[in-house]
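Reader: Could you take me through one part of this model in close-up? I would like to see how a pair of helices meet and what lies beneath them.

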Amino acid sequence: GERRGKCVVQIYGSAPQGLLKKPKRMLLAFKKSKELESSEEERLSFRIFKRELASFDDTGAVKKDAFLLEEGEYRLFAGEDVRSAFEIGGFSLRETKILSVVEEICPPQESFSRMVNENGSVAYESVPVGERNLKERILRNLSKELSAVTQDYDFNDVMNGRISLENFVASLSEEELENLLRGSDVGMYDPAGTCGNAGIIGGTSEKLRKRNIPVLTTSDGASGIRLQAHTSLIPISTALAATFNEELIEKIALETGKEMADRGSDILLAPNVNLHRHPLGGRNFEYFSEDPVLSGKIASAFIRGVQSAGGSATVKHFACNNQETARHKNDSRVSERALREVYLKAFEICIEESSPDCLMMSYNKLNGVYNCYQYDLATTLLRKEWKYTGCVMTDWWMDYGSSPDFEGLDLQAYRVRAQIDVFMPGSAKFGKYKNKSDGSLLRSLKCGAITKGELQQCAMNVLRLCIKRRKNRV
């Protein structure tokens, strides 16, 4: 052109239409050029892994519960958008390659029809229903209780390396564990945190603070920090994603992270990586795009920026919270293939590329179960498959749920069994449990519906976050 400017290069891929139907093209990578003078050129390099073109088989047509590359021709395209992208190369596979076989997660319990690509035309196929026995898997993987420690250790002993984190957790009483696994009785705007906070994590009670467990302040996002203080507004997430510029987003988020440190905020409740399902979606301004790769890459840059400045980021809402209306009651019915290839992909990119300190669950149900109780999401997938070691919290308040597999397991105990570490903001919004615990976790512990080892496991996740936050404050 005649003027200087920047250009985005997008790389798309197509996979052969074999036993598994594929989209016509999928975004694989993108980069933004530097500012170029008229007639100036820049060479951009891309590294594309074959697994980014893989499909997930939830039917068993090739290999059940496997990520795979079917035999045939794979093509790559480059351009400024999907429509104008032109073919630049590709590769051929003579035989199908199985890349990995994983555990089934959150499968539908009732079949429905899903849309597929049939030689460029819309077609439909039936979605398979779940086969797994969740109860048996949970019982096989229950955390063991730590050996009892009677000494009242101080958290500073952990920070100074005098005792292990395991010994400290083993010294906590049942009441202290219950306090640690939720926000405070006050809930939002707790005076123990920074003024205008969304709630606190860590030292949520006087007993825990006497042990020198730090108070971690959470602040809502996503377009800056929400506190009772002058803070900077940054562009909405959709505008950030429209830049296709990871370097720029990381710089913007770095400034947000610096401001967090200056204002006394520990945990930013952002970025939000659910997908735009509809142009008029009520939450679109907090979400990046309709594409999981663009959303995941821009969110990863945002997380790196915040955390490189010493703050903690919280990727949310996990998962399939793709509308605002009735999100407390919405039940997202999703095939496991769509779940893994589309709705979870942005989260997976964030976990792999930027290791967010925190993750927030969503309000909605996924295939019949509220996500604040989803063992498959929080443990099978997040902890085991993706190797995530951060702190997992609920969204603010949650709807009642009881386990269909374990008698006496409901509410707080139900979500702790899923390894969702912290209930936020800590007490009920209304009713008889306002400004106090509902007591469900300790009731389930007393009747044997949940084990102390499970509470201790979640406590370890929370306290690892506390250790990191204390180090970042020094």
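Author: **Two helices on a sheet**

Happy to. In this predicted model, helix α8 passes helix α10 in a right-handed crossing. The axes of α8, residues 292–308, and α10, residues 345–354, come within 8 Å and cross at roughly 35 degrees.

Here is who takes part. From α8 the contact draws on Pro292, Val293, Ser295, Gly296, Lys297, Ala299, Ser300, Ile303, Arg304 and Gln307. On the α10 side, Lys345, Ala346, Ile349, Cys350, Glu353 and Ser354 make the contact. By character, the residues where α8 meets α10 divide into seven nonpolar, five polar and four charged.

Now let us turn to the strands. Six of them form an open sheet, in the order β10-β11-β12-β13-β15-β18, with mixed pairing. Its edge strands are β10 (199–202) and β18 (391–393), and each of these pairs on one side only. From one strand to the next, the twist averages 30 degrees.

Within this sheet, β13 (residues 312–318) and β15 (residues 358–361) pair in the parallel sense over three bridges. If you would like a spot to look for on screen, try Thr314, whose bridge partner in β15 is Cys358.

Both helices can be placed against these strands. α10 packs on the sheet, where it touches β13 and β15, and the direction of α10 makes about 160 degrees with that of β13. α8, for its part, lies across β12 (267–269) and β13, running at about 150 degrees to β13.

Note on methods: Residues numbered from 1 in each chain as written. Predicted model: local features only at pLDDT ≥ 70, side-chain atom pairs only at ≥ 80, totals over all residues. Heavy atoms only, no water. Axes fitted to C-alpha atoms, helices over the stretch in contact; angles between N-to-C directions. Helix = DSSP H or I, 4+ residues; strand = E, 2+ residues; numbered from the N terminus. Left-handed = near helix turned anticlockwise from the far one by under 90°. Contact = heavy atoms within 4.5 Å. Nonpolar A, V, L, I, M, F, W, Y, C, P; charged D, E, K, R; others polar. Pairing = 2+ DSSP bridges.
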